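Here's a quick tour for anyone opening this structure for the first time. Keep the sequence and the 3D view handy as you read.

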Amino acid sequence: MDSPLLSVWLLLLLGASGLWGQSPGPGGPSEEPWKEEVPEEDGILVLSNRTLGLALRDHPALLVEFYAPWCAHCKALAPEYIKAAALLAAESATARLAKVDGPSEPELTEEFAVIEYPTLKFFRDGNRTHPEEYTGPREAEGIAEWLRRRVGPSTTRLEDEKGAQALIDAQDVVVIGFFQDLQGEDVATFLALAQDALDMTFGLTDRPQLFQKFGLTKDTVVLFKKFDEGRADFPVDEELGLDQDDLSRFLLTHSMHLVTEYNSQTSPKIFGARILNHLLLFINQTLAPHQELLAGFREAAPPFRGKVLFVVVDVGADNSHVLQYFGLRAEEAPTLRFINMETTKKYMPADQELVTAASVAAFCHSVLGGKVKEIPPDWDQHPVKTLVGKNFEQVAFDETKNVFIKFYAPWCTHCKEMAPTWEALAEKYRDHEDIIIAKLDATANELEAFPVHGFPTLKYFPAGQGQKVIDYRGARDLETLSKFLDNGGKLPEEELTKEPLAPFPETAANSTVEPKEEL
């Protein structure tokens, strides 16, 4: 037999004899085929282009983080990701966490369209082509809960009154879906929402005795809470069915307190509330008179639920960044501010009256009705500061500043003629920290305490407590105005001997009568 043929026979004999890891028969020696292990680091699978397929085969629920070693957000996420892996391991959960070094694995980043770091994707049942984008929190418990609601039930099935009451008593906010048919589309919508609403506990029932217990006759989603009204009902539309966006908005609105105190724990919920209008009450919680204002603030809130979010900011706490954003000092509390989060337009009451239920409601209605002029975002970015009704008192009565204000009308010829002089005056004193040169359109901002009967009207608000407002009656040239400021709001003797100027009388913008000086 020639050599090649002999070699073939030998190979066949060796294969039949059970070598190469095949068992020769019962009781005989065996050897498992070699299997590549996916490396782990801190309980997290470390994947590459070669090992991703193995991980998907072995783990039916896999959350993968695509990260970059240099990414600051990835570094911030890392300890929370490790904690989440430990939480799931302690529960013997089927879900696992994994990570991919994106810059080192360009094939994977291209395959999964990763364009930023970190990016997290959830793979279910080994499906490599349609992973779900991770939409949950970036802290350990939130990551773990997001996965729990995908690999396990997102709601608790309720069969009797005892179970329902136990669920309601267990958490501050509990949502129960009452559906007569648990196989319908509305239930599928409810369950889909429950997967992502991680800060709420969900229950589900079709039991008639539970409908009767809670006074329901048709399909309804009920939010139970241990504060404010205690309960809010969302009836399912019998014709249109359950709309997930509408239900989500309802639950988000009614799961929040009517009045929320701003702090690091509540800020994510405040900014994620999808309520664009926020009313902020700035108070010092250590002062009893300030605390007494909370009752009126809360009393005003119910009619505005879903339209205006009522927020309390404690100026005595670590909230200096909020004060800075609104241009406030802690000493100015108590005070109100209104902001639209979409436009970032800010509003303040024209009159800093006492905070009562009536004044708070009136302020909200005024802003929502467009009756309050917003503070220009660049009001203090130029030498001449621009005032409106909402920031007038804040600026004019600043006890650390001497404030010189020109009340004008946009159509007034004499105001236009004076404008260059006023700009020059502001430029001259822009480096004087205790002097502010400002202007206010008196036709768009009516101030009850300072009625204007002619244009331009100049008023000087001296620094210090209890100072009397001074009407300027001198000449309107740069030299005389400068002498007035340098002399602390008084004209020198030689200027007093000159005939003072009065404002030009107020006339309509379309008047054909030329304004004349008053004598």
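Which residues does serine 255 touch, not counting residues up to four places away in sequence? Those residues are Val173, Met200, Leu223, Phe227 and Lys269. Bear in mind that this is a predicted model. With that said, here's what to look for, topic by topic.

**Around serine 255**

- To find serine 255, go to the loop that runs between helix H9 (244–254) and strand S12 (259–261).
- Serine 255 has a relative accessible area of 3%, so it counts as buried, the cut-off being under 20%.
- The side chain of serine 255 has a polar atom 2.9 Å from the backbone oxygen of leucine 251.
- The backbone oxygen of leucine 252 also has a polar atom of the serine 255 side chain at 3.2 Å.

**The six-stranded sheet**

- Six strands make an open sheet, and reading across it you get S1-S2-S4-S3-S5-S6, with mixed pairing.
- Its edge strands are S1 (40–41) and S6 (132–133), each of which pairs on one side only.
- Inside this sheet, strand S2 (residues 44–47) and strand S4 (residues 95–101) pair in the parallel sense, over three bridges.
- If you'd like one spot to zoom in on, try valine 46, whose bridge partner in S4 is lysine 99.

**The five-stranded sheet**

- There's also an open sheet of five strands, in the order S12-S14-S13-S15-S16, and the pairing here is mixed.
- S12 and strand S16 (346–347) sit at the edges with a single partner strand each, so one side of each has no neighbour in the sheet.
- S13 and S15 run antiparallel and are joined by six bridges.
- One pair to pick out is leucine 280 and its bridge partner in S15, arginine 337.

**Backbone oddities**

- Some background first: most residues other than glycine have a negative phi, and most peptide bonds are trans.
- Tyrosine 117 and proline 118 are joined by a cis peptide bond, with omega at about -10°.
- You'll find proline 118 in the loop between helix H4 (106–111) and strand S5 (119–124).
- Another cis peptide bond runs from alanine 333 to proline 334, with omega near 5°.
- Proline 334 belongs to the loop between helix H13 (320–325) and strand S15 (335–340).
- Aspartate 42 isn't a glycine, yet it has a positive phi of about 55°.
- Look for aspartate 42 in the loop between S1 and S2, where it counts as exposed because its relative accessibility is 51%.
- Arginine 274, not a glycine either, has a positive phi of about 60°.
- The loop between H10 and strand S13 (277–283) is home to arginine 274, which counts as partly exposed at 47% relative accessibility.

**A nonpolar patch on the surface**

- Phe271, Leu276 and Met341 make a nonpolar surface patch of about 280 Å².
- Where is phenylalanine 271 found? Phenylalanine 271 is in helix H10 (residues 267–271).
- Why does phenylalanine 271 count as exposed? Its relative accessible area is 52%, and exposed means over 50%.

Methods: Residues are numbered from 1 along each chain as its sequence is written. This is a predicted model: local features need pLDDT of at least 70, side-chain atom pairs count only at pLDDT 80 or more; totals for chains, interfaces and linings use all residues. Side-chain values use heavy atoms; hydrogens and water are left out. Helices (H or I, at least four residues) and strands (E, at least two) are DSSP runs, numbered from the N terminus. Buried means under 20% relative accessible area, exposed over 50%, partly exposed in between (1.4 Å probe, protein chains only). A polar contact is a pair of N or O atoms within 3.5 Å; within protein, one must be able to donate a hydrogen and the other to accept it, and residues adjacent in sequence count only if both atoms are side-chain atoms. Contact means heavy atoms within 4.5 Å. Patches are made of residues with over 30% relative accessible area and no salt bridge: like charges are joined within 9 Å, nonpolar side chains (Val, Leu, Ile, Met, Phe, Trp, Tyr) within 5 Å. Accessible areas come from the Shrake-Rupley method with a 1.4 Å probe; for residues, only the protein chains shown count as cover. A salt bridge is a side-chain nitrogen of Lys or Arg within 4 Å of a carboxyl oxygen of Asp or Glu. Two strands pair if DSSP finds at least two bridges between them.
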